[in-house]
Amino acid sequence: MEDKIVVKNLNLFFDKLCVLKSINLNIKANQIFSIIGPAGSGKTTFLRILNRLNDLIPYVRLEGEVYLDDKNIYKEDIPLPWLRRKVGMVFALPVPLPGTIFENIAYGPKLQGMTSKTKLSSLVEKSLKSAFLWDEVRYKLDASALRLSGGQQQRLCIARTLALEPEVILLDEPCSGLDPISTAKIEEALHELKKNYTIILVTNNTKQAARVSDNIAFFLMGELVEYGHVEQIFTVPRDKRTQDYISGRFG
Amino acid sequence: MKPKFIEQIVKKMLLAGTGLTILILIFIIFYVLKNGLAVIDLEFLLSSPKELGRTGGIFPCIIGTIILPLVAIVIATPLGVGTAIYLTEYTREGRWTRIIRFGTECLAGVPSIIFGLFGFVLFVVYLGFGWSILSGGLTLAFMILPTIIRTAEESIKSVPFSYREVSFSLGGTKWQTITKVVLPGALPGIVTGVILSIGKSVGETASVIFTAGSSLLIPTSLFDSSRTMAVHFYLLAREGISMENAYGTAAILIIIILLINSVAYWLMHRFMAKFL
């Protein structure tokens with residue numbers, strides 16, 4: 001398998017504060033790559049580097065290189081809409097846009113100029129099926145997305161990202177506000193999705209990381225302590241801090 | 001004093017204040033309608049004034065009252081909403097935005113008669129538009145601009161940042177995000193600002209006399225002078241021409257303002273219903 005994403009000597013600053021320190025990381029295609037670590041380790045910030053969403057914050061400064069398929073995404077001439085369609089994102093809290101379920105999913109494709117009603121319909125159906133939501137909403141696509149339950153909203157957000165037909169999906173603690181059953185549904189969806197997509201998952205739930213991941217990276221205070229295959233991380237971690245964290249003996 | 005006692009007094013005082021406010025409103029509407037409704041009939045609505053308004057109707061004034069604020073709104077809304085979008089979405093909060101905001105605030109505090117004078121000097125005399133709907137509309141537009149900018153700005157800011165993030169993360173450009181997510185979310189607030197502005201310009205007299213004049217003819221172009229109902233009412237009462245017709249005009253004015261507000265709120269709720 002080849003590397004989908006390569007991060008080289010990455011430093012990130014909030015003003016003068018260094019939030020991420022010399023990160024070097026390779027992420028292979030068609031796998032679930034989880035990022036674990038305590039709050040404030042820079043996990044979310046790292047995720048938002050990969051679709052350049054940190055660009056919205058004016059005082060963020062970045063050094064180093066980030067490659068997607070051998071293309072440096074921080075070069076000047078990278079069109080951000082293009083990048084963000086290739087690297088889709090699901091946020092920690094589900095944020096349905098005001099409007100119907102259909103409109104939410106069709107939002108991204110419509111921005112690209114897809115207007116054909118039949119094309120949109122089949123794309124919406126396909127996306128909802130992949131996100132394991134189709135059976136629950138197929139007869140109420142014209143209902144407001146805000147009326148869905150939390151777990152449904154989060155799967156809606158996943159479907160909305162899938163409708164972009166991305167190559168990489170970033171998930172920022174997608175199950176943090178959900179009950180175990182909704183969580184199981186999302187994990188099931190992720191397992192299917194990795195056949196076609198590269199998935200990068202930030203999670204606070206170490207057990208979830210163990211369940212779904214192929215590879216795991218452990219972040220601590222802006223440093224990448226180590227990363228490797230899930231079994232290696234959970235059985236023979238190279239760093240004592242990793243062992244302390246995953247065994248819950250932290251701090 | 002015991003907190004419970006204070007609690008009761010405060011509650012009664014607040015109730016009294018609210019009651020007084022509503023009473024004043026009801027009294028004004030009742031008084032104007034009582035004195036005005038007597039002279040109102042189809043003839044009054046659809047004929048032109050005779051003998052400077054002593055007899056006859058107020059048809060040209062109704063036209064003027066519709067056209068003048070319409071011109072003002074058509075000019076001020078894009079300008080004001082555009083300014084609000086620029087201030088909130090395209091600039092970083094800093095010294096310049098503070099200066100611009102302070103400027104609009106000052107503009108809101110300028111007395112309308114000063115706007116009238118400014119409009120008279122600039123539009124009527126210097127640009128040669130004469131006493132006309134165009135001069136009056138432009139002057140009114142400048143008067144209502146601060147209200148539109150401020151309400152639009154506040155409602156744009158109230159659209160959650162997460163919506164913008166989602167739109168950007170789905171490959172939206174800045175302009176797509178503004179038109180598809182930010183503005184629809186801010187629309188109720190923007191419409192409220194526009195309604196307030198319509199009310200303000202429908203009732204405006206001082207600056208309108210200076211700029212749109214007080215012709216009693218039915219205007220046929222933007223360069224014609226026109227008289228709004230507020231101005232008509234003022235002149236009828238001030239010059240002692242006819243108190244009956246003055247009240248009749250005032251009654252129609254109030255009814256029209258109520259109608260505008262109701263229709264606007266109805267439209268807004270219809271729009272909101274789509275969102276919930």
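The exercises below work through a predicted model, beginning with chain B and ending with the place where chains A and B touch.

**Exercise 1.** Determine how many helices and strands chain B has, and in what pattern they follow one another along the sequence.

*Solution.* Start by counting the elements: chain B holds 11 helices and 2 strands. Then read along the sequence, where the pattern runs α-α-β-β-α-α-α-α-α-α-α-α-α, with two helices followed by the two strands and then by helices up to the end of the pattern.

**Exercise 2.** Describe how chain B is divided into domains and how it fills space.

*Solution.* First take the domain assignment, which gives domain 1 as residues 3–39 and domain 2 as residues 59–227 of chain B. Next consider their C-alpha centres, which are 32 Å apart. Finally, look at chain B as a whole, whose C-alpha atoms occupy a box of roughly 65 × 65 × 35 Å along the principal axes.

**Exercise 3.** Find what share of chain B is buried, and what share of its contacts with a separation of 6 or more joins residues 24 or more positions apart.

*Solution.* Of the 276 residues in chain B, 39% are buried. Turning to the contacts in chain B with a separation of 6 or more, 75% of them link residues that are 24 or more positions apart.

**Exercise 4.** Characterise the side of chain A that touches chain B.

*Solution.* Begin with the count, in which 19 residues of chain A are in contact with 16 residues of chain B. Then locate the helices involved: α2 (80–86) and α3 (101–111) of chain A each contribute at least two residues to this side. Last, sort the residues on this side of chain A by type, which yields 12 nonpolar, 4 polar and 3 charged.

Note on methods
Residues are numbered from 1 along each chain as its sequence is written. Chains are lettered from A and ligands numbered from 1 in the order in which they are written. This is a predicted model: local features need pLDDT of at least 70, side-chain atom pairs count only at pLDDT 80 or more; totals for chains, interfaces and linings use all residues. Two residues are in contact if their C-beta atoms, placed from the backbone, lie within 7 Å. Helices (H or I, at least four residues) and strands (E, at least two) are DSSP runs, numbered from the N terminus. Ala, Val, Leu, Ile, Met, Phe, Trp, Tyr, Cys and Pro count as nonpolar, Asp, Glu, Lys and Arg as charged, and the others, Gly among them, as polar. Domain bounds come from an automatic or database domain assignment. A residue is buried if 20 or more other C-beta atoms lie within 10 Å of its own, exposed if 12 or fewer, and partly exposed in between; C-beta atoms are placed from the backbone.
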